[in-house]
Amino acid sequence: MPATPKRKLIEVSLPLEIINKESARENYIYKGNPSGVHKWWAQRPLATCRAVLFAQLVDDPSAHPDQFRTEEAQETERQRLFRLIERLVVWENAMDQTLLQEVYQEILKSTGGNPPAILDPFAGGGSIPLEAQRLGLESHASDLNPVAVLINKALIEIPPKWAGQPPVFPGAAEEKMGEWPKATGLAEDVYRYGQWMRDEAEKKIGKHYPKAVSDNGSEANAIAWIWARTVTCPNPACGIRMPLTKSWWLGKKKGKEAYVVPLVQNGQVSFSIGHDVKKAPIKDNDGTIRRTGAICIGCGDVAPLTYVRAEGKARRIGQQLMAIAAEGDHRRIYLPPSMAHEEAAKVEQPEDAPDTELPEAALGFRVQGYGMTHHADLFTNRQLLALTTFSGLVREAHEQVRKDAFLAGLPQGKPLEQGGSGAEAYADAIATYLAFVVSKFADYNCALAVWYPQEDRPKNLFARQAIPFVWDFPEIAIFAELGGSWNGCLRVMRDSIKGIPAAGKPATVRQANASTRTYGRGIVISTDPPYYDNIGYADLSDFFYVWLRSSLRDIYPDILGMMLTPKAEELVAEQFRHGGKKEAETFFENGFEEVFSRIRSGYIDDFPISVFYAFKQSESDAEGSASTGWETLLTGMLRSGWMVTGTWPIRTERSGRTRHIDSNALASSIVLACRPRPEDAGTISRKAFLDLLREELPVSLNELQQGAIAPVDLAQAAIGPGMAAFSRYAAVIEADGTPMTVRSALKLINQILDEVLSEQENDFDAETRFCVKWFMLYGWNDADSGTADTLSRAMNTTTTAVERGGVFRARAGRARLLPFEELSGDWDPVADDRISLWEVVLRMAKTLAEVGGTETARLMAAARQRVDLDTAQELAYLLFSLCEKRGLTQDAILFNGLGQSWFDLNSTSLKLAATMPKPVQGQFDFTELSG
């Protein structure tokens, strides 16, 4: 009989708070972040991947009862491992070799001195393979998408080959005497040859990027040209070339405000620049685009969007220069357009511009309806000229690098794809990164970028996972010094390469379909698979692929052999591609079953696999709600013989980003730890399964809440522990003798989750229980005062007591709860003589939304002297759930923000509370009882 596999840390416990904190913080760290090497969608934070991989390989102390004989001893050892993880996930420690060696030794202890190799078959942006290599593990990556394959090569295959090597660019090594650790020499060469490309490009096309003339007549370096799309006004009596713009604003920094002022004279539209804040555009008159159409600034008529789209399909959407952004004296200046600058932009489309077609319809695409049908349509002709010029210069730089590397002492050698490490392979490597700079450059230098007036700068196209149509856009002065210019993109690339560990055991990257590839024995899987129908990776990545292929097809002929990325085999539930919703769902489910069946075949059960998932798609019917994305993923995994042994919510998105409660994107990734289900796993009845959920889900729910998961993600996160109970059995048997489906199990998990949240009410004070019950019945609406009196007595309180708490009002026979906007502005938790959890949570949610975290933490510090904040946190989750059910979206957003920020607020409030005086015990008030 085979030995029982040792439980790993990921199957027992994790220090979620610090992992979540550092994962969220990493999203705001740009300099030196390897993720900046190339854009990928929904890329996991590196800190998350480090923590998960470590916990996936390291034994939990409970696996060694001979060494840690008591629960206390096991917990002490677990806390030691936690402290190691807490240091490991901090960004500033990512290159600490002493710490990484300590971590590696811990992994060796749990793996018998022979750590397994790590494979991610959906490698995408490469976070998991990169962090496996950083931890000293043998790392393997594969992906069907050629862009993802190149990203992974740039992260884990290329850098170790030349780690420690000085740059070969003439004179570069001599300028900095000494060592060139890790990939710093590689990064320096990318920067130097990129600078050479910039100089060559300026010689070729610099004339198309003229200087601006400032108000005083002196020359100024142009930074960007701000364009508005145009159509002819459909009103025959007007017929002007009407501008289509979302906003007239150019700059909103205080004291430096600037905006476009349109003027119509003799049927012609012209623009000037305004600075007077009193005359500036406000919401009702900002721009010309409205929900249903565009307002003509000449006649005031509305051109319906149907007309605008028809004009686009007829190729009659034009563009007009609205303003020029230029360098001023330590500030941006905005200048009116000039004929010379309009003429400079008029260039012919280059012959070698990509002529590949956009998909007729695809996830995240909105441009086809406006006549954009080819990749070349996403750029102006001047942008195409710049991109084709730089793509050609990548090929020229390749030859230059090869010569210089040979002169620097590297043997000629074989190409990179044949395993070479000499001058030829080095030239291939440098060209790869330079082509990535072209990709980054294209992300900003397209006709779908936007101007960000709050910061006086351009914003790239892929700020989100879509290619939307935009009405006005900046065209960057490519030789200027700003983010999105060639030099700006080049600096980001240099710094990102420097952040690559460039060490560890050999790594391999290959292009492969996860559904058909083979999986070797002894390899541990950690992966971040596609999220059902949330992101169309292949169609989106074609935006970059057409330029990468132009620059690198001779270096990677097999990877870049197709005109566009593979689509038919991509494991995404793409309705447009598969002929409908049901067909797409079936394709996705069957694909996942095939993937995990192949992984299951021959998998050694010494380690769990880890699967990241961050998708929410709920569907409701008479029996409850379930999630199609989760259902298809889990059905595929369970059919192929896996069971869930651990589940953890890891915050992986920016907590401050704009999100909607019904958004499919989660703020937290759910990490599943799974093992092969035993062949002799038994069955369980529906009733026994429900009893199991009622026993296990409250404990898991408490862990999720303590881990600071966003309330909006709680229902999705609860799927993990619920499915852990479901998947450990071969089947859950329904009353009619049939096996329970995953969909039915998901509905039961949601049902029990609601029960658990409601049961938490027992911990609330009487006034809070009254408010919760009233809110469940009436929301913020009023009802009869007699009903309020009856309900309050049932809750062992009085309406007078609730009113004194400042959250309820009873007047003239009617009663209601006070909504956020009616709460008084001056509230002191210490001085409040009738404080309740309800008031604390509402006021903190309101303060966080209106004032910010610092003041909210101060309130929390004061409140913790009066109420149990753990129970207050439970109330925040419950109130989010109730608001969501009542359709109170804006209120739900406030409670979600509070729940998601709870860990950070709590940490700050503890420090503040230590400096606060202890409250003085007041006298007991008998007036309520006598009333």
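**Exercise 1.** In this predicted model, identify the bridge partner of R811 in β28, and then describe how β27 and β28 pair.

*Solution.* Step 1: R814 is the residue of β28 that forms the bridge with R811. Step 2: R811 closes the strand β27, which spans 808–811, while strand β28 covers residues 814–817. Step 3: the two strands, β27 and β28, are paired over four bridges in the antiparallel sense.

**Exercise 2.** Determine the strand order of the open sheet and state which strands are its edges.

*Solution.* Step 1: the sheet has three strands, in the order β26-β28-β27, and their pairing is antiparallel. Step 2: an edge strand pairs on one side only, and this applies to β26 (783–784) and β27 (808–811). Step 3: helix α22 packs on this sheet and touches β26, β27 and β28. The direction of α22 makes about 105 degrees with that of β28.

**Exercise 3.** Classify the crossing of α22 and α23, give its handedness, and describe the residues in the contact.

*Solution.* Step 1: helix α22 comprises residues 766–778 and helix α23 residues 785–794; their axes come within 10 Å and cross at roughly 135 degrees. Step 2: an angle over 145 degrees would count as roughly antiparallel, and 65 to 115 as roughly perpendicular; α22 is therefore oblique to α23. Step 3: the crossing is right-handed. Step 4: α22 contributes F770, K773, W774 and Y778 to the contact, and α23 contributes T787, A788, L791 and S792. Step 5: sorted by character, the residues of this contact are five nonpolar, two polar and one charged.

Key. Residues numbered from 1 in each chain as written. Predicted model: local features only at pLDDT ≥ 70, side-chain atom pairs only at ≥ 80, totals over all residues. Heavy atoms only, no water. Axes fitted to C-alpha atoms, helices over the stretch in contact; angles between N-to-C directions. Parallel < 35°, antiparallel > 145°, perpendicular 65-115°, else oblique. Left-handed = near helix turned anticlockwise from the far one by under 90°. Contact = heavy atoms within 4.5 Å. Nonpolar A, V, L, I, M, F, W, Y, C, P; charged D, E, K, R; others polar. Pairing = 2+ DSSP bridges.
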